[in-house]
Amino acid sequence: MADITYKNKINRIRTFALSLVFIGFIIMYVGLLFRDIEWLMLVFMILGTLSIVFSTVVYFWIGLLSTRAVQIICPNCEKPTKMLGRVDACMHCREPLTLDKDLEGKEFDESYNSKKKRH
Ligand SMILES: [Zn+2]
């Protein structure tokens, strides 16, 4: 797990959403420490709620993204993985993947078409 530069995009966004939930709870917890100062506690509570709401939005966004993601079988670990864009990493083993080679015959988005790889 030393290679941080290559991480699956969907996984990365998911980690981000999850950390937002944690941050939200931490903010709310800090708010409880300021119980005596009502307005300050309220501010922390609102910020914490916003953070959690935002993470829900991000989760929805992941859902949208993964419907558009291309599902492929990783050549390295032979598990099905989803990739976003033309270059992404495997969700399981972080093998760098590219769509450029074996994409013939599959449906893909406009960035692929613009590369004039269609026959
Ligand atoms: Zn893999």
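From the N terminus on, the elements of the protein chain follow the order α-α-β-β-β-β-α, which amounts to three helices and four strands; helices (H or I, at least four residues) and strands (E, at least two) are DSSP runs, numbered from the N terminus. The model is a predicted one, in which local features need pLDDT of at least 70 and side-chain atom pairs count only at pLDDT 80 or more, while totals for chains, interfaces and linings use all residues. Residues are numbered from 1 along each chain as its sequence is written.

Helix H1 covers residues 9–33 and helix H2 covers residues 38–68, and the two pack with their axes 8 Å apart at an angle of about 165°, where axes are lines fitted to C-alpha atoms, for helices over the stretch in contact, and angles run from 0 to 180 degrees between N-to-C directions. H1 and H2 are therefore roughly antiparallel to each other, a term applied to angles over 145 degrees. The crossing of H1 past H2 is left-handed, meaning that the near helix is turned anticlockwise from the far one by less than a right angle. Val-57 lies in helix H2, and its C-alpha atom is separated by 8.6 Å from that of Ala-17, the two residues being 40 apart along the chain. Val-57 is exposed, because 11 other C-beta atoms lie within 10 Å; a residue is buried if 20 or more other C-beta atoms lie within 10 Å of its own, exposed if 12 or fewer, and partly exposed in between, with C-beta atoms placed from the backbone.

An unreviewed UniProt entry lists residues 16–34 and 40–62 under "transmembrane region", in the numbering used here, although feature names are shortened and annotations may be inferred rather than shown by experiment. In the model, residues 16–34 are 95% helix and 0% strand, with the end C-alpha atoms 27 Å apart, and residues 40–62 are 100% helix and 0% strand, with the end C-alpha atoms 33 Å apart.

Of the 119 residues of the protein chain, 12% count as buried. The largest nonpolar core (a set of buried Ala, Val, Leu, Ile, Met, Phe, Trp, Tyr and Cys residues joined through C-beta atoms within 7 Å) consists of five residues, namely Met-83, Ala-89, Cys-90, Met-91 and Leu-97. When residues up to four places away in sequence are not counted, Leu-97 touches Ile-72, Cys-74, Met-83, Asp-88, Ala-89 and Cys-90, two residues being in contact if their C-beta atoms, placed from the backbone, lie within 7 Å. Tyr-6, in the segment before H1, is 91 residues from Leu-97 in sequence, yet the two are 9.7 Å apart in space, C-alpha to C-alpha. With the same sequence neighbours left out, Tyr-6 touches Ala-89, Arg-94 and Pro-96, and Tyr-6 counts as partly exposed because it has 13 C-beta neighbours inside 10 Å.

Two residues have an unusual backbone setting, for most residues other than glycine have a negative phi. Arg-94, in the loop between strand E3 (87–89) and strand E4 (96–98), has a positive phi of about 65° although it is not a glycine, and Arg-94 counts as buried because it has 22 C-beta neighbours inside 10 Å. Glu-78, also not a glycine, has a positive phi of about 60° and is placed in the loop between strand E1 (70–73) and strand E2 (80–83); Glu-78 is exposed, since 10 other C-beta atoms lie within 10 Å.

Terms used
Angles under 35 degrees count as roughly parallel, over 145 as roughly antiparallel, 65 to 115 as roughly perpendicular and the rest as oblique.
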